[in-house]
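Biologist: I would like to go through this model with you, strand by strand and helix by helix. Shall we start?

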Amino acid sequence: MSRIELLAPAGDLERAKIAFDYGADAVYVGGKRFSLRSRASNFELEDIREAVHYGHTLKRKLYVTVNMLPHDDDLSGLEEYLSRLASLGVDAIIVASISIAVISKRLCPQMEVHLSTQLSITNHETMRFYKNFGVDRIVLARELDIESIRQVGKSKILPIEVFIHGGMCANYSGRCTLSNEMTLRDANRGGCAQSCRWLYELYRGKDLISDPTIPFTMSSKDLLVLEQIKDLMDAGVVSLKIEGRMKSAYYIAVIVRVYRTWIDAIESGNATDHLAQELKRELAQAQGRETFDGFLSHRPDHRDHLYQTKSDGVVQNYIGSIQVVEPNGSVLVEMRNNVKVGETLEVLTPEGLSQAFVLESMVSQEGIALSVANIPLAKIWMKVPFAVKPKTFIRKKGESL
Amino acid sequence: MRFMIHTESMDVIRALASGDTSMILTEPSYSSRHPKIQDQKVFLDFFHEALEITPEIYIEINGYQEESNLEALRAWVMTLSKLPVRGIYFADPAILMILNDIGYEGKRIYAPETILTNLPDVKTLLGVVDRIVLARELTLEESLSITSQCPDNVEIFGLGHWLMSVSKRPQIRNYLKAIDRETDVLNRTDLRLREMKRLMFYPILEEKDTTSMFSSDILFPLEEIDRIETASCYGIHCDQLFISDEDFIRLVRALRTHSQVDLPSALSLSTGYFYRKTNLTKEENR
């Protein structure tokens, strides 16, 4: 394992295994209760047990988010739940409620408690405050620049974790109730409707001052900090976190593999500009939005928002995941996006990208030959002219890869 | 129960100072939501003038503190701690650590805006501070259940446009730059957002370091004030931001006297989250 932790998200057991397979040192998942996005979670306790086992077999770690800001009605069964997580071997929980942190340390002192970015921790004095409650790690607010992170890290009061990739809140996480107000969905209990990304008119007094063709929005570009990873490692950060428990298995595979490759290259002295550019192009294969480096280099300016609904530079090359491999080279692909016979494809595996090949034929599960496959979730047989494994990903070859 | 008045108006302080009322003055250097008072000298002058009217004054420091500012923050907190105030409200626990370090003897009140939503958290934090202010997005039942179980240690938001979000990004200036429009927006209290599918106008305040967005309605729980008073709530916060002196004074007096005789008619008053649970899911929302 590398000296710095690469921490990846997973929304279900399959994605947790993929995150581990593609190079995550630790994976964080949400249970069915007490977690933001808990209603979208597919992690029953049995799945958590299996994810822990899978990770521990690889000498990796599994964390569980218990990060909602509960109202009193939400709290029944909490102590039993925490004890169950500890008994399953969960390495840490990620919390936003200070009483949950205290209860967990009392009941299960062996299970670490990491304090969520929801608490907007931006300095070492605030870390000193939370250390008094027994927490083991702090997830810093996303609003810090690299020098601030360096100073906080230098204090060595608690280990620090920072976000390096994925969606960004427009507001301080945990301090935003736009969703509560506009949809009665509590952002701090997993219901965020992303009202910050909606379109608004801006008035000064009675005068409309927004542009009708480019409405006001707070919508942020996504975070991507590949080029600052070494700075973060040198700043004393112990864990580099990827956002996105709702993201697809393909997204997780691509993003985790890229950061794994880059961290390993830094640690082995092989981090070149050429590799960085290649990896940035690879990250673009899975991006849903344009990206920027968050607050690391500067306070976000007008270039760091998404004022137009159409995103430039977003590619959709992903075709589907390989489910079954037959001895004759046929593979069964669960489709996500369109593909045509004659297109050039490649396979993404934990070891990297395969050689490119031309898709010569496709057959439906019913045995019908296809020239185009365009039904999401349909399962299609394809021929791949070299050995591949299940749980890998097939995509159109990117221009620069 | 006390009325905790957030204001930058001396006329409001003069009009509302009385035995059951405290003034909360937001310092300008490490806080948001102070559109009129922008520097420390002006703030200190304002404070001393207010002190001649009432001794019931608290100071609020409501920002999330940057590491690089901590030294200057500590010096400023020391200055503030020597003022004859009842206590200091803060959103970032860094302020508490500094107050503890310097042996501050006034009240230390934790007011983190959104995150105090349940009794166990409140009880845990009351082990290290004197009082707390609950999140605004609780129902009345939830709030009063907590206040009654922690008598005279818990405060709630009770009047004003409630804060919905705080951003460290200059949201308005960034947008205007993107559309290539130059307009003075800093510290203005007449900026409003209207979501495309809604009729409401949401006040938005752009300051040097933050952008804050607020509810369209004004929380005004006139019919609930009896229940709040009898539930051992220490105080209710009345925030003047975006409300004229005259209207604000009338609203506070109406709450104090439990009377709607002199209410301003043009304002959109509501009961906020008091009867609105915010636990819907995406599916339930359709």
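Biologist: Which residue stands opposite B:Phe3 in E13(B)?

Modeller: This is a predicted model, so bear that in mind throughout. E1, residues 2-6 of chain B, and E13, residues 235-239 of chain B, pair in the parallel sense over five bridges. Within that pairing, B:Arg2 has B:Gly235 as its bridge partner. Opposite B:Phe3 stands B:Ile236.

Biologist: Which residue of E2(B) is the bridge partner of B:His6?

Modeller: E1(B) also runs parallel to strand E2, residues 21-26 of chain B, and four bridges join them. In E2(B), the partner of B:His6 is B:Ile24.

Biologist: In what order do the eight strands of chain B close into a barrel?

Modeller: The pairing in this barrel is parallel. Neighbouring strands are turned by 30° against each other on average, direction ignored. The order is E1-E2-E3-E4-E5-E6-E7-E13.

Biologist: How many residues of E1(B) are buried?

Modeller: Take the two faces in turn. One side carries B:Arg2, B:Met4 and B:His6, all buried. The other side carries B:Phe3 and B:Ile5, also buried. The strand is mostly covered, and the buried count is five of its five residues.

Biologist: Now the loops. Is B:Glu113 buried or exposed?

Modeller: B:Glu113 sits in the loop between strand E5 (107-110) and helix H5 (119-125) of chain B. Its phi is near 75°, a positive value in a residue other than glycine. Its relative accessible area is 10%, and the cut-off for burial is under 20%. B:Glu113 is therefore buried.

Biologist: What is the phi of B:Asn187?

Modeller: B:Asn187 lies in the loop between H7 and E9 of chain B. The residue is not a glycine, yet its phi is positive. The value is near 65°.

Biologist: Next, the sheet shared by the two chains. Which strands stand at its edges?

Modeller: Six strands form an open, antiparallel sheet in the order E9(A)-E8(A)-E9(B)-E10(B)-E11(B)-E8(B). A strand at the edge has a single partner strand, so one side of it is left without a neighbour in the sheet. The edge strands are E9 (207-208) of chain A and E8 (163-167) of chain B.

Biologist: Which residue of E9(B) does A:Tyr203 stand opposite?

Modeller: Strand E8 of chain A covers residues 200-204, and strand E9 of chain B covers residues 191-195. They pair in the antiparallel sense over five bridges. Opposite A:Tyr203 stands B:Arg192.

Biologist: At what angle does H7 of chain B run to E10(B)?

Modeller: H7 spans residues 171-178. This helix lies across E8 of chain A, and across E8, E9, E10 (202-206) and E11 (211-214) of chain B. Its angle to E10(B) is about 90°.

Biologist: Turn to helix packing in chain A. Are H1(A) and H2(A) roughly parallel or roughly antiparallel?

Modeller: H1 (residues 13-21) and H2 (residues 45-57) pack with their axes 10 Å apart, at an angle of about 10°. Contact residues include A:Phe20 of H1(A) and A:Tyr54 of H2(A). By class, the contact residues are five nonpolar, one polar and four charged. Angles under 35 degrees count as roughly parallel, so H1(A) and H2(A) are roughly parallel.

Biologist: How are the residues in the contact of H9(A) with H10(A) divided by class?

Modeller: H9(A) and H10 (residues 273-284) of chain A pack at about 170°, with axes 9 Å apart. That makes H9(A) roughly antiparallel to H10(A). Among the contact residues are A:Trp262 of H9(A) and A:Leu279 of H10(A). The classes are ten nonpolar, one polar and two charged.

Biologist: Which helix gives the most residues to the largest nonpolar core?

Modeller: This core holds 199 residues, and A:Ile48, A:Val66 and A:Tyr130 touch the most other members. Helix H9 (residues 249-267) of chain A contributes 14 residues. The top contributor is H9(A).

Biologist: How many residues are in the second, separate core?

Modeller: Leave A:Ile48 aside, with contacts that include A:Phe43, A:Leu62 and A:Tyr81. The second core includes A:Ile319, A:Val333, A:Met362 and A:Val388. Its size is 18 residues.

Notes
Residues are numbered from 1 along each chain as its sequence is written. Chains are lettered from A and ligands numbered from 1 in the order in which they are written. This is a predicted model: local features need pLDDT of at least 70, side-chain atom pairs count only at pLDDT 80 or more; totals for chains, interfaces and linings use all residues. Side-chain values use heavy atoms; hydrogens and water are left out. A nonpolar core is a set of buried Ala, Val, Leu, Ile, Met, Phe, Trp, Tyr and Cys residues joined through side-chain atoms within 4.5 Å. Buried means under 20% relative accessible area, exposed over 50%, partly exposed in between (1.4 Å probe, protein chains only). Contact means heavy atoms within 4.5 Å. Two strands pair if DSSP finds at least two bridges between them. Axes are lines fitted to C-alpha atoms, for helices over the stretch in contact, and angles run from 0 to 180 degrees between N-to-C directions. Angles under 35 degrees count as roughly parallel, over 145 as roughly antiparallel, 65 to 115 as roughly perpendicular and the rest as oblique. Ala, Val, Leu, Ile, Met, Phe, Trp, Tyr, Cys and Pro count as nonpolar, Asp, Glu, Lys and Arg as charged, and the others, Gly among them, as polar. Lists of a residue's contacts leave out its neighbours within four places in sequence.
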